[in-house]
Amino acid sequence: ADIDDTIKHTQVRNKREMLQNTFVREFAAVPGMAAWFGRVARGSPNVAFHYVSGSPLQLMPALAAFIRGSEFPAGSVHLRALAFTPAALLDPDATSRHKQAEIAQLLADHPRRRFVLVGDSGERDPETYGAIARQHPTRVAALLIRNVSDEDAAAPRYAQAFAGVARERWQVFTDPAALPSDWP
């Protein structure tokens, strides 16, 4: 699962709010997400959680405390080693490349496991997850995208991001209570 705007209220699309929500305000969970993750965890004793984010590695202690304190299931946390250079900070694809590399490593490390990728529409999670699902069609059970950009599931963006991925394998949602908690 992604962290920012998927399980943690960050508002990545508004840079001022993102900075306030990351460095000034107390972290706040997205309503309903911890409850849904809990249902998933209780539904299968073999489920494992991995939190993959483009957030800088320096936030690891605070994000790990947030995950525990907000009652999300325990899991591995994979953050980005961020270079504070102008080129690195302005690279719009750096987070996507980081997530692709981390998820590819998780797939390699757990060859018998199927994955449900949970993200949001604020940046490039649909495009990143769609690419991963096309590369690993038998390993990715579902793609779940929290709608923070007010784009309908029928938006051209999703048709392009999920091209080649069966429609029943991806869902754009606003209310996590409506999400299923198990997949074949």
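**Exercise 1. A lysine with two partners**

In this predicted model, the side chains of Lys99 and Asp125 meet in a salt bridge, 2.5 Å from N to O. Find where the two residues sit, and decide whether each is buried or exposed.

*Solution.*
Step 1. Locate the pair. Lys99 is in helix H5, and Asp125 is in helix H6 (residues 125–135). They are 26 residues apart, so the bridge links distant parts of the chain.
Step 2. Recall the cut-off: buried means under 20% relative accessible area.
Step 3. Apply the cut-off to Lys99. Its relative accessible area is 4%, so Lys99 is buried.
Step 4. Do likewise for Asp125. Its value is 4%, so Asp125 is buried.
Step 5. Look for shared partners. Salt bridges join Asp2, Lys99 and Asp125 into one network.
Step 6. Check the other link. Lys99 also forms a salt bridge with Asp2, with the closest N and O atoms 2.9 Å apart. Asp2 lies in the segment before helix H1 (15–24), 97 residues from Lys99. Asp2 is buried.

**Exercise 2. A pair of neighbours**

Arg16 forms a salt bridge with Glu17. Classify each residue by its relative accessible area.

*Solution.*
Step 1. Note the distance. The closest N and O atoms are 3.9 Å apart. The cut-off for a salt bridge is within 4 Å, so the pair counts.
Step 2. Take Arg16. Its relative accessible area is 59%; exposed means over 50%, so Arg16 is exposed.
Step 3. Take Glu17. Its value is 18%, which is under 20%, so Glu17 is buried.
Step 4. Place the pair in the total. The count comes to eight salt bridges.

**Exercise 3. The largest nonpolar core**

How many residues does the largest nonpolar core have, and which element gives the most to it?

*Solution.*
Step 1. Count. This core has 23 residues. Among those with the most contacts inside it are Ile3, Met33, Phe37 and Phe72.
Step 2. Assign elements. H2, helix H3 (60–69) and strand S2 (76–80) each supply at least two residues. H2 gives the most, with five.
Step 3. Zoom in on Met33. Beyond its neighbours within four places in sequence, Met33 contacts Thr6, Ile7, Phe72, Val118, Phe173 and Pro176.
Step 4. Look elsewhere. Another core, of 19 residues, lies apart and includes Leu117 and Val165.

**Exercise 4. The second largest pocket**

Describe the lining of the second largest pocket by class.

*Solution.*
Step 1. Start with the space: about 600 Å³.
Step 2. Count the lining. It has 27 residues, and Val47, Ala48, Arg114, Phe115 and Val116 lie nearest the centre.
Step 3. Sort them. There are 19 nonpolar, five polar and three charged residues.

Note on methods: Residues are numbered from 1 along each chain as its sequence is written. This is a predicted model: local features need pLDDT of at least 70, side-chain atom pairs count only at pLDDT 80 or more; totals for chains, interfaces and linings use all residues. Side-chain values use heavy atoms; hydrogens and water are left out. On a 1 Å grid over the protein atoms alone, a cavity is a set of points where a 1.4 Å probe fits but cannot get out, and a pocket is an open set with protein on both sides within 12 Å along at least five of seven lines; lining residues have an atom within 4 Å of a point. Grid points are joined across faces, edges and corners, and a volume is the space filled by probe spheres set on the points. Ala, Val, Leu, Ile, Met, Phe, Trp, Tyr, Cys and Pro count as nonpolar, Asp, Glu, Lys and Arg as charged, and the others, Gly among them, as polar. A nonpolar core is a set of buried Ala, Val, Leu, Ile, Met, Phe, Trp, Tyr and Cys residues joined through side-chain atoms within 4.5 Å. Buried means under 20% relative accessible area, exposed over 50%, partly exposed in between (1.4 Å probe, protein chains only). Helices (H or I, at least four residues) and strands (E, at least two) are DSSP runs, numbered from the N terminus. Contact means heavy atoms within 4.5 Å.
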